[in-house]
Amino acid sequence: MLISRAPVRITLGGGGTDLASYYSKHGGFLISGAINKYMYLCAHATFNPAIIRLSYSETEYLTDPYKVRHRIFREALRMQGIKKGIELVSVADVPPNCGLGSSSAFTVALLNALHAHQRRYITQAQLAEKACFIEIDMLKEPIGKQDQYASAFGGITCLTFEKNGDVRAEPLRLNAADAIEMESRIMLFYTGIERRASEILKEQDAKAKANDQRVTESLHAIKQIGLTTRKLLESGRLDDFGDLLNEHWQTKKRLSVKVSNAFIDECYADALKHGALGGKLMGAGGGGFFLFYCPKNKGRLIKAMERHGLKLMPFRFDLSGAKIVADLSTS
């Protein structure tokens, strides 16, 4: 038996420019931070070598891998040529459809588990690209490449998306003291609203492909915010980054009317009144987790958000990315 884990992520700047409909024309850039909330995959050889057993929110027992109902499990098993004799169990630290890239973290953790099960070596970049291939090329999900790379590499990473589809991953040059300080000032609150990002991303993707002026100009602005965020953080100007988050959120809302609603706007306005310099919803928007930058009086912000029913989720940055945390198959 072995256990694989991969972190989910928060986006600090530039989100949305990792979709091919945008970066293939203009190039994309964003900063993503992996956090210590994980997707776990346990892989084990089945006693009956003819069986595949999958356990997630449902349980599947099969002898034909092509009949697997769970799409990511099915395509990953096919990609690795595994037709029988394996049991896979998934566990998550975060709820589904929460804006933290959990689906891609699941794919990364699964592929890493399958490679380890087969005793095959895979690099972080290969792991990310294989996960992208399954989700974007095989399953036709209207998503970008941020989540897979953030989960595979870990850390706080600057991701550049070239027009030809290549991705360049570089660590953010943040000194240790600023990293600790920033970690303490960023707060995540769960709205309790589950939403499928694909509904919002399909609209953004279609408009970007059609060169919709409002969406394209908004994505240009968001990419520039990502580049400015890099300069601010690497120079230690943390509070200026907090202020920039507010501009990011206002720009992000121009991408689709589905990004926000009256309840979300009310929560955001109240957060600014109680210590937050800025913030935004993670992922495509519409629900999931709010990220706020709050340099002081954090207790006031927590109480204010609790009055709206939002729940604080403490976190730390993950520095290791996807990894095998236990391998008992040879012990």
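These are my notebook entries on the two largest pockets of this predicted model.

**Entry 1: the largest pocket**

I started with the volume. The largest pocket holds about 1,200 Å³ of space. Next I looked up its lining. I found 49 residues there. Asn97, Gly101, Ser102, Ser103 and Ser104 are the ones that lie nearest the centre of this pocket.

Which elements supply at least two residues each to this lining? I noted one strand near the start of the chain, β1 (2–13), and another, β5 (86–92). I also listed the helices α2 (71–80), α3 (102–117), α5 (146–153), α7 (197–209) and α9 (238–252). Of the elements, α7 gives the most, with five residues.

Then I sorted the lining of the largest pocket by residue class. I got 21 nonpolar, 18 polar and ten charged residues.

**Entry 2: the second largest pocket**

I moved on to the second largest pocket. Its space comes to about 310 Å³. I looked up the lining and found 17 residues. Nearest the centre of this pocket lie Gly155, Ile156, Ala179, Phe317 and Leu319.

I then checked the elements. Two strands, β6 (156–161) and β7 (167–171), each give two or more residues to this lining, and so does the helix α6 (176–185). Which element gives the most here? I found that α6 does, with four residues.

Last, I sorted this lining by class too. For the second largest pocket I wrote down eleven nonpolar, three polar and three charged residues.

Methods
Residues are numbered from 1 along each chain as its sequence is written. This is a predicted model: local features need pLDDT of at least 70, side-chain atom pairs count only at pLDDT 80 or more; totals for chains, interfaces and linings use all residues. Side-chain values use heavy atoms; hydrogens and water are left out. On a 1 Å grid over the protein atoms alone, a cavity is a set of points where a 1.4 Å probe fits but cannot get out, and a pocket is an open set with protein on both sides within 12 Å along at least five of seven lines; lining residues have an atom within 4 Å of a point. Grid points are joined across faces, edges and corners, and a volume is the space filled by probe spheres set on the points. Ala, Val, Leu, Ile, Met, Phe, Trp, Tyr, Cys and Pro count as nonpolar, Asp, Glu, Lys and Arg as charged, and the others, Gly among them, as polar.
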